[in-house]
Amino acid sequence: MIEIKNLHAKIEGKEILKGLNLKVNAGEVHAIMGPNGAGKSTLASILAGREEYEIIEGEVTFEGSDLLELSTEERAHLGLFLAFQYPVEIPGVSNVNFLRTAINEIRDAKGEDPISAKDFMAMVREKSKIVELDSSLASRSVNEGFSGGEKKRNEIFQMAMLNPKLAVLDETDSGLDIDALRIVAKGVNTLKSANNATIVITHYQRLLDYIVPDFVHVLYDGRIVKTGNKELALKLEEKGYDWIKEETQVG
Amino acid sequence: MAQYTENELAKDLDKQDYKFGFVTDVETDKIPEGLNEDIIRLISSKKNEPSWLLEYRLKSFEIWKSMAEPNWAHVRYKKPDFQKIIYYAAPTQTKKYESWDDVDPEMKETMAKLGISLEEQKKLTGVAVDFVMDSVSVATSFKSKLKELGIIFCSFSEAVQEYPELVKEHMGTVVPNTDNFYAALNSAVFTDGSFCYIPKGVRCPMELSTYFRINAGGTGQFERTLVIADEGSYVSYLEGCTAPQRDENQLHAAVVELKAMNDAEIKYSTVQNWYPGDENGLGGIFNFVTKRGICETNAKISWTQVETGSAVTWKYPSCILKGDGSIGEFYSVAVTNNYQQADTGTKMIHLGKRTKSTIISKGISAGNSENSYRGLVQIQKNAHGARNFSQCDSLLMTDHCGAHTFPYIECKNPSAQIEHEATTSKIGEDQLFYCKQRGISEEKAISLIVNGYCKEVLNQLPMEFAVEAQKLLAISLEGSVG
């Protein structure tokens, strides 16, 4: 699905990623954990194509394409989706209008015809149930006046609508109460299939009680320093990150 | 569910240049350039006008000569040389068309290019169109159907001939020839325009629409529009404007007068797309227009404008809320790009009790343009319980454009309530990135965001016009984020 090799990247002269390696296959869920400032959100931003970051070296292959050569929208057309840590408000643009535009742009890139209004609305009804999103939110302006929980649920709703191959969830659990967390996790689990993959970026183990990862990676100082299974996440929860830091320095 | 016109935009975005910049090769009857009494007499005689109108023109000319060109607007331009303008240019084939088939094919093609093929419109849309090319009105459709209801919708010249008493009674009562420099000029030299009268209690069953086009070089366009909605009537009136691409600046100085009698309602919508000049600021239309309406008791006038064109715009559609309980509304989107300058807004003059006004202004500045909102809310002594709400938003697309707001409030009645809100924002990189991450191209993302920003205003437009306006916004702003 995606393979990241020796990725180095900087912003405003400061190197954030320092040789990151990661391989994700179809059907897998990977969790990336790490202390503040380790480079978790940087990784998400670079995968999605934010231009502020400068790639110093390394390569990223996504579905056989050189990801770093592609524009943000081309990456989306190939099936890369980022659930934003801070979803953006777009006043006056309804959620459905936004999504229909997005879906048709993606279809157009694949040489497919635009979706019919009927099929689209049926899809909205079906997918909004997955995240228990009130249908009125679908016709409201994108994220405008949404509560923190609604914004995050809306991200997962968009993910359901766009049906990506690879979804990157950037701190989707931040600011969520336990009920919202459960709904978001249920949504992600429902969408999981043998053909897609998910990278869950999180600070806390809490989300992983609901979205069970196949692999847990610890990102520290711009590199993945430890990889394990769900037990690793529990250990981090219990012991914090200090032992990782020490281990890394010793190593 | 809303129309997803964004999807249609892609085709139009290929042609980001001014797509109305063609010149139609129609023979025109021009008079010599320059302005003096003889020219005015010539215009009047060409139009076979009654003597009272000639006198009105000459009086206006005297007034104009005593006036100075206004300087207070936040715009800079080379003042027009009024002796270098041709004040009358008409397609030579000006005889009345008996039927649509008689209209010059070239002219029909012009209209087709403008996307207002009357033939189609007749069948499909139910919009009655009066088309004013250069100075003369060439075709009005649907006239007979309207006539059955007693509605008069015709060119101004025709109204002068056919309904002189109505014209004489109302012309200049809302915008007097002493009002301002350009209104005085228009009153002296106006050549045509549109006239509309809705009788008592009649609800006009279709949108009435006028298209203005400046075609001949070196000419100015000075049209007058007079809309009278008699007691308890309703009319929705649309106006669209285009001009060919020329290196010179052409002057457009129109006067629009609206009269809403007791309990009447007039909805007046404009999509103004005069040639804005090229990307270096060369050429383009100077659009100096006086638009004003009077509301009698419980009457309502609503102005909606989408302004994307003209090199310099100077325009303040206003409402005089004379009657008790009358309502004035102003919804505006003004887009400036490259070196365009716009100074536009409204005046709401509250005279009657419990009068209400709403002002929603959305300015969008791109390139090196300057975009100003200038508005006056005036509450007079007797306007007990008057209310106003104003919202003026500015959206900046680049770092080198300007957005300015000049709101004036004068309140002479302590029971009045006035609210004013204003915001200025730059189009968000975060918003663009969010759209792109969802697979939406930058151009389409800008169009989505801008249309969302203007939604409150676009919602006021009749459907076909709203679609047209959305496309215009996208074309005007193509490639403008920076």
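How many C-beta neighbours does B:Arg354 have inside 10 Å, and does that count as buried, partly exposed or exposed? The answer comes in the first view below; please keep in mind throughout that this is a predicted model.

**View 1. B:Arg354 sits in a loop of chain B with a positive phi.** Look for this residue in the loop between β18 and β19 (356-365) of chain B. B:Arg354 has 17 C-beta neighbours inside 10 Å, so it counts as partly exposed; a residue is called buried from 20 such neighbours and exposed at 12 or fewer. Its phi is positive, about 55°, although B:Arg354 is not a glycine. Most residues other than glycine have a negative phi.

**View 2. A:Glu132 is a residue of chain A with a positive phi.** Here the value is about 50°, and again the residue is not a glycine. A:Glu132 belongs to the loop that lies between α4 (117-130) and α5 (135-139) of chain A. Inside 10 Å there are 15 C-beta neighbours, so A:Glu132 counts as partly exposed.

**View 3. An open sheet of six strands in chain A.** Follow the strands across in the order β6-β9-β10-β3-β11-β12, and you will meet mixed pairing on the way. At the edges stand β6 (80-83) and β12 (223-228) of chain A; each has a single partner strand, so one side of each is left without a neighbour in the sheet. On average, and with direction ignored, neighbouring strands here are turned by 20° against each other.

**View 4. Strands β11 and β12 of chain A, with a helix packed on their sheet.** β11 (residues 215-220) and β12 of chain A run antiparallel and are joined by five bridges. To find your place in this pair, start at A:His217, which stands opposite A:Thr227 in β12(A). Helix α8 (residues 230-239) of chain A packs on the sheet, where it touches β3 (29-33), β11 and β12 of chain A. The direction of α8(A) makes about 45° with that of β11(A).

**View 5. Strand β15 of chain B is covered on both faces.** In a regular strand, side chains alternate between the two faces of the sheet. In β15 (residues 312-315) of chain B, B:Val312 and B:Trp314 lie on one side, while B:Thr313 and B:Lys315 lie on the other, and all of these are buried. What does β15(B) pair with? One partner is β13 (residues 284-295) of chain B, which runs parallel to β15(B) and is joined to it by four bridges; in this pair, B:Phe286 has B:Val312 as its bridge partner. Another is β18 (residues 341-350) of chain B, also paired in the parallel sense over four bridges, with B:Trp314 opposite B:Asp343.

**View 6. The place where chain B touches chain A.** Chain B has 482 residues, 55% of which count as buried, and its secondary structure comes to 13 helices and 23 strands. Across the interface, 21 residues of chain B are in contact with 27 residues of chain A. On the chain B side, the elements that give two or more residues are α1 (6-13), α10 (429-437) and α11 (442-453). Which of the elements gives the most? That is α10(B), with six residues. By kind, the chain B residues on this side divide into nine nonpolar, six polar and six charged.

Methods
Residues are numbered from 1 along each chain as its sequence is written. Chains are lettered from A and ligands numbered from 1 in the order in which they are written. This is a predicted model: local features need pLDDT of at least 70, side-chain atom pairs count only at pLDDT 80 or more; totals for chains, interfaces and linings use all residues. Two strands pair if DSSP finds at least two bridges between them. Axes are lines fitted to C-alpha atoms, for helices over the stretch in contact, and angles run from 0 to 180 degrees between N-to-C directions. Two residues are in contact if their C-beta atoms, placed from the backbone, lie within 7 Å. Ala, Val, Leu, Ile, Met, Phe, Trp, Tyr, Cys and Pro count as nonpolar, Asp, Glu, Lys and Arg as charged, and the others, Gly among them, as polar.
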